[in-house]
Amino acid sequence: MARARAWLGGFRLALGGSADPLTDYRAALRGYERVDEPHERARAQWFLASNMYGVGDARPSLDLLHEALATFRAYGDRWGTAAALGSLAFHAKFGGDFDALRRDGTRSLELFTDLGDQWGRLQAMVPLETVAEIFGDYPEAERLYRQGLRIAEELELWPQVTFQLAGLGRIALLTRDYARARDFHERARLLAVGQSDAFGEQYAEIGLGLGARRAGDLDAAETHLRNVLALHRKMGYEPGLPALILAELGFVAELRGDARQADDLQAEGLAAAGATGDPRAIALAMEGLAGAKALAGDAAHAARLLGAATAARLSVGVPLPEGERDDVDRIAAAARKALGAAAFDAEFARGTQRGIGEAGNP
């Protein structure tokens, strides 16, 4: 009974049917309170924690994973150890700890490969795909996504097929092949709809919104992005995800020439990004706010924000990769034209010195 309750709770979280995940996971583990089965409890802890990514406070999920990992190691359970490390790599991704992501993700992949577990290999590859994408190694990211797609299709794991298709769409988007990006994301969305996979559908729709905005279809971009934002707020996701959507909506407003709406959206996005503590999320928000300031005629503030964003990215060793530079280059060009090269460089340097604190300065 304890096992059934725990796994049912995990499946509810996986399917996106929980509005109160913390209550759900506590209820799911209640059956183990009077049962002395630490190894079985660890499996339940891992399963629940692995389905709580990005929902609510990350600390309870991390606590479950560390507790489970200690038990797996004590019992010599290599599969459980690999699974817990893979889940910790996902958390490192959300927290922007790329050293931990590489360390835990690589060790998880090694263990699952030694065990001959294709499902486990697929799970461990996902954060490694993300690292390759974030650092601009698009050939490696595409290789991993294609390998992951093959494994997911062989195992008929349709939510993972959806994710890998969307991942290929992201790489096409970052290499500016917008038609191919739209095709991959739409294939992912249709598969997710057919499987009643709410998370997969929304992940694919984010990609459709990103691609539409970059391809210049601002109306389609806004529709996709507002659909996703509404679900994020309903489900109580961590602030980092709405921060991305708000930044994208702010870019849509800026590209339409609506400086006031752009400023409002980017300021809201900056507040959401600040709540994450992730310098990369904050940097994106500052870049978006720079675009709004430049449009409103405050090129000096725009230049300082761009400098602060650059400093924030470098603080975690992740400079903006080539595939994500279009907005920053566009905004920088507008501010440089307004100020002149020397004044722009001086304001940019002031921003790098002030760092994240520049966001609140006029």
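What percentage of the 362 residues of the chain count as buried? In this predicted model, the share of residues that count as buried comes to 53%. The secondary structure of the chain is made up of 18 helices, with zero strands. The accessible surface amounts to about 15600 Å², and 53% of that surface belongs to carbon and sulfur atoms. When contacts in the chain between residues at least 6 apart in sequence are considered, 62% of them join residues that are at least 24 apart.

A search of the whole structure for salt bridges finds 24. One of them joins K293 and D263, whose closest N and O atoms are 3.0 Å apart. Because K293 belongs to helix α15 (residues 279-295) and D263 to helix α14 (residues 259-276), this pair ties together parts that are 30 residues apart in sequence. K293 is buried, its relative accessible area being 19%, a value that falls under the 20% limit used for buried residues.

Helix α15 also contains E287, the side chain of which meets that of R313 in a salt bridge with an N to O distance of 2.8 Å. R313 lies in helix α16 (residues 299-315), so the pair formed by E287 and R313 ties together parts that are 26 residues apart in sequence. Both partners are buried, with a relative accessible area of 6% for E287 and of 7% for R313.

A further salt bridge is formed between D329 and R325, with 2.9 Å separating the closest N and O atoms. Here D329 counts as partly exposed, at 36% relative accessibility, and R325 likewise counts as partly exposed, at 27%. Salt bridges also occur as a network, in which R213, R214, E248, E254, D327 and R330 are linked.

A charged residue without such a partner is found in helix α7 (residues 118-134), where E129 lies. E129 is buried yet has no salt bridge, and the nearest side chain of opposite charge, that of K93, is 8.0 Å away. Since a salt bridge requires a side-chain nitrogen of Lys or Arg within 4 Å of a carboxyl oxygen of Asp or Glu, the 8.0 Å between E129 and K93 does not meet the criterion. Leaving aside residues up to four places away in sequence, E129 touches A141, L144, Y145, G148, F163 and Q164.

Note on methods. Residues numbered from 1 in each chain as written. Predicted model: local features only at pLDDT ≥ 70, side-chain atom pairs only at ≥ 80, totals over all residues. Heavy atoms only, no water. Helix = DSSP H or I, 4+ residues; strand = E, 2+ residues; numbered from the N terminus. Buried < 20%, exposed > 50% of the residue type's maximum accessible area, 1.4 Å probe, protein only. Lys, Arg positive; Asp, Glu negative; His and termini not counted. Contact = heavy atoms within 4.5 Å. Areas by Shrake-Rupley, 256 points an atom, 1.4 Å probe, with all protein chains shown as cover.
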